[in-house]
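Grab a viewer and try these three short exercises before reading the solutions. Each one starts from a single residue or patch and works outwards.

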Amino acid sequence: MLCLATNACGVRSVPRDTFESGIWTALWDAARHSSWVGMTAWDLVQPAFIFMVGLALPYSLAARTARGDSRSNQVWHAFRRALVLVLLGVFLASNGSARTEFVFDNVLAQIGLAYPVVFAALLLPWRWQVVLVATVLLATFGAFAAYPVPVDGAAEAPLEGFFAHWNPHSNAAAAFDRVFLNLFPRAEPLAETEGGYQTLSFVPSIANMFAGVWVAAWLRQARASGVPAARGLVVAGLVVVALGVAVSFACPVVKRVWTPSFALLSSGVTVLVFAVFYWLIDVRGVDVLASAFVDMGVNSLAVYLLIELARPWIEASVFTHVAWWFMPVRILPAVASCVAGAALWGLARWMRKNKVFLRI
């Protein structure tokens, strides 16, 4: 629940300098996105969502096939699901705005853009899927590397030398958005996206979704053959992490433009975390947390929407009526986030028990 301590209004109200040192500073940094280069714990949330979509996709497709759904119906369902996710992403991006904000860089929109590509590629043998992912990552690297670095330097340029090709607002993806996003109605022409997040990040995130697809395939094969699945997942995760580290010498690890090194590193770490929980719950039978995960997982879309829409209000209420009176300032964000997390989990549990599900 502490991971919900992100950029909500409660956290914004407490500057980082308030924290003295040690664990509170570390938690503060882990629960925020990296400023540009690097990878924090919070940076792994979106890759985990994308991974889980890929993980569920083969099971969903198999279930629909078993029910007798035709290929055309499956394609239509995939297209409709992708479209709804993109529209929900635009809806969330417009929350609090005076007009529709046509941006496509949040989690739901990115999943919606990547989903049809991965769905179509499921028809390919896995070797060709690997070739597709490698091509996507190499093409992403090539597009950024080929885009010229501004001669006078960017106003916000944390990277130098060859890595300057991945600086905020002066990269290939930013150039694309200055054209693409201005095709939509806007109050004024868009020059820069907020925070340097870009639409084309969905392209390399295809690798993260395929990581989930391949893990699902491995689990199904391992169960059929009796091979220890967790061991294979750990090996695969370590290999992908090592590959990501190697690629980071060619391009920086930047979540906001989803560099190939970030795609690989986040995929590897996600697989390793999944392997740990798979071993604890499925292999060892330690199911203490399983129920809580199921409560959130069966309504993941509803929970995500509530996190984006309701969490800031819950945290602000905690600050207003409770926390300022009883808690030291340095732990206020953590307390508010835990309360918000517990409230949202309680709602998710109620929805599950009463069979209320939000599905598309």
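**Exercise 1: a charged residue**

Arg186 sits in the loop between α7 (172–180) and α8 (202–225). Keep in mind that this is a predicted model.

Task: find out which side chain of opposite charge is nearest to Arg186, and what lies around Arg186.

Solution. Start with the charge: Arg186 is buried but has no salt bridge. Glu101 has the nearest side chain of opposite charge, and it is 4.0 Å away. Next, look for backbone partners: a polar atom of the Arg186 side chain lies 3.2 Å from the backbone oxygen of Phe102. Finally, list the contacts, skipping neighbours within four places in sequence: Arg99, Glu101, Phe102, Val103 and Leu181.

**Exercise 2: a nonpolar patch**

Task: work out which helix gives the largest share of the nonpolar patch, then classify Leu289 by accessibility.

Solution. First collect the members: Val273, Val276, Phe277, Val286, Val288, Leu289 and Phe293 make a nonpolar surface patch of about 620 Å². Helix α10 (residues 260–283) supplies the largest share, with 3 residues. Leu289 is in the loop between α10 and α11 (290–297). Its relative accessible area is 48%, so Leu289 is partly exposed.

**Exercise 3: a valine in a helix**

Task: decide whether Val303 is buried or exposed, and say which residues it touches.

Solution. Place Val303 in helix α12 (residues 300–309). Buried means under 20% relative accessible area; Val303 has 8%, so it counts as buried. Leaving out residues up to four places away in sequence, Val303 touches Met296 and Ala348. Now check a longer link: Val303 and Leu358 are 55 residues apart in sequence, with 9.3 Å from C-alpha to C-alpha.

Terms used
Residues numbered from 1 in each chain as written. Predicted model: local features only at pLDDT ≥ 70, side-chain atom pairs only at ≥ 80, totals over all residues. Heavy atoms only, no water. Helix = DSSP H or I, 4+ residues; strand = E, 2+ residues; numbered from the N terminus. Buried < 20%, exposed > 50% of the residue type's maximum accessible area, 1.4 Å probe, protein only. Lys, Arg positive; Asp, Glu negative; His and termini not counted. Polar contact = N/O pair within 3.5 Å; in protein donor to acceptor, adjacent residues only side chain to side chain. Contact = heavy atoms within 4.5 Å. Patch = residues over 30% accessible without salt bridge, like charges linked within 9 Å, V, L, I, M, F, W, Y side chains within 5 Å. Areas by Shrake-Rupley, 256 points an atom, 1.4 Å probe, with all protein chains shown as cover.
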